[in-house]
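Okay, hi everyone, thanks for making time for this. I'll put the structure up, and then we'll walk through a few spots together.

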Amino acid sequence: MSATCVSEPISWLRLERYALGEALDAVEIARHLAECEACRACYGRVEVESDVPLRPLHESPPRVRSPWRRAAVATGSALALAAAVVLVAGRRGGDPVDPNRIKGSEISFTLVRDDDTVFAEAGGSFRDGDRFKALVTCAPGTRSRFDLVVYDDEGATFPVDVPPDFACGNAAPLPGAFKLRGAAPMHVCLVWGDGPPDRHELSKGGFDPDRPRVTCKRLVAAP
């Protein structure tokens, strides 16, 4: 296991913006990198491709639907039905759904690769440099806070920044996209809690399949 962060790890997205010279908090990031071996290691793994920007999920030319969008719509339709079945089956007649008491099985996420491949089950394979979006399915009105963490043999990284006002729904996209590097097996995990997930604790503990309020997908390098 690599060194752990001295405080709260800097997300992969912020490191890419810093490398591009676009970070508004560049001074803060530079100060953190000077003190933190773990985040310096992550920064060293950031590969900036200025000519191939990360595409948001809903971006598409006029009258043309992007692979991200097509996959999101198809996945959302399937997950909408699944979520409705889970929510209804888990209630007694007439009982309201309490958005703060959602079971782990009622929060799920899907990974969508930029070639339109959907990872809705336990995992799959990837190639070095593949890019992904994460789509979260959770009951509307859920007030949990979410984060995404990627565990590999070098430690933990946090590739996106989820806003406090993230709105739950069927296949709701987390902001931004992220790229997987290398050939080592990885676990991409969605975590949630009543407050912001503790990145320092998640990083220090490493991958733990028994951690509460977490659901993961295992990705292995394609042959």
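Before anything else, one bit of vocabulary: when I say a residue is buried, I mean under 20% relative accessible area, exposed is over 50%, and partly exposed is whatever falls in between. Also, please keep in mind that this is a predicted model.

So, the overview. The chain has five helices and ten strands. Of its 223 residues, 40% are buried. And if you take the contacts with a separation of 6 or more, 72% of them are between residues 24 or more positions apart.

Let's talk about salt bridges. As general background, side chains of opposite charge can pair when their charged atoms come close. How many salt bridges does the structure hold? There are nine of them, and I'll show you a few.

Start with R113 and D115, whose side chains meet in a salt bridge at 3.0 Å, N to O. Now, are the two partners buried or exposed? R113 has a relative accessible area of 11%, so it's buried. D115 comes in at 43%, so that one is partly exposed.

Next up, D147 and R199. Their side chains form a salt bridge too, at 2.6 Å from N to O. Where do these two sit? D147 is in strand 5, residues 145-152, while R199 is in helix 5, residues 199-205, so this pair ties together parts that are 52 residues apart in sequence. And here both D147 and R199 are buried.

Staying with helix 5, look at E201 and K204. Their side chains make a salt bridge of 3.3 Å, again N to O. The two are three residues apart in helix 5, which means about one helical turn separates them. If you'd like the background for that, an α-helix has 3.6 residues a turn, so residues three or four places apart point the same way. As for accessibility, E201 has 36%, so it's partly exposed, and K204, with 45%, counts as partly exposed as well. Elsewhere, R14, D25 and E28 are joined into one network by salt bridges that share partners.

Okay, moving over to helix 3, residues 37-45. Which of its residues are buried? Those are A38, C39 and C42. They cover an arc of only 90° around the axis, so they end up on the same side of helix 3. Over on the other side of helix 3, E37 and G44 are exposed. And what do the buried residues of helix 3 pack against? That would be helix 1 (12-19), helix 2 (26-35) and strand 6 (155-157).

Last topic: empty space. There are four cavities of 30 Å³ or more in the structure. I picked the second largest cavity, which holds about 90 Å³ of space. Its lining includes W12, R45, V150, D152, F178 and K179, among others. Strand 5 and strand 8 (178-179) are the elements that give two or more residues to that lining. You've met strand 5 already, as the place where D147 lies. So what kinds of residues line the second largest cavity? The lining divides into six nonpolar, one polar and four charged residues. If you want to find some of the charged ones on screen, try R45, D152, K179 and R181.

That's my tour. Happy to go back to any of these spots.

Key
Residues numbered from 1 in each chain as written. Predicted model: local features only at pLDDT ≥ 70, side-chain atom pairs only at ≥ 80, totals over all residues. Heavy atoms only, no water. Salt bridge = Lys/Arg side-chain N within 4 Å of Asp/Glu carboxyl O. Buried < 20%, exposed > 50% of the residue type's maximum accessible area, 1.4 Å probe, protein only. Helix = DSSP H or I, 4+ residues; strand = E, 2+ residues; numbered from the N terminus. 1 Å grid on protein atoms, 1.4 Å probe; cavity = no way out; pocket = protein on both sides within 12 Å on 5 of 7 lines; lining within 4 Å. Points joined across faces, edges and corners; volume = space filled by probe spheres on them. Arc of directions from axis to C-beta. Contact = heavy atoms within 4.5 Å.
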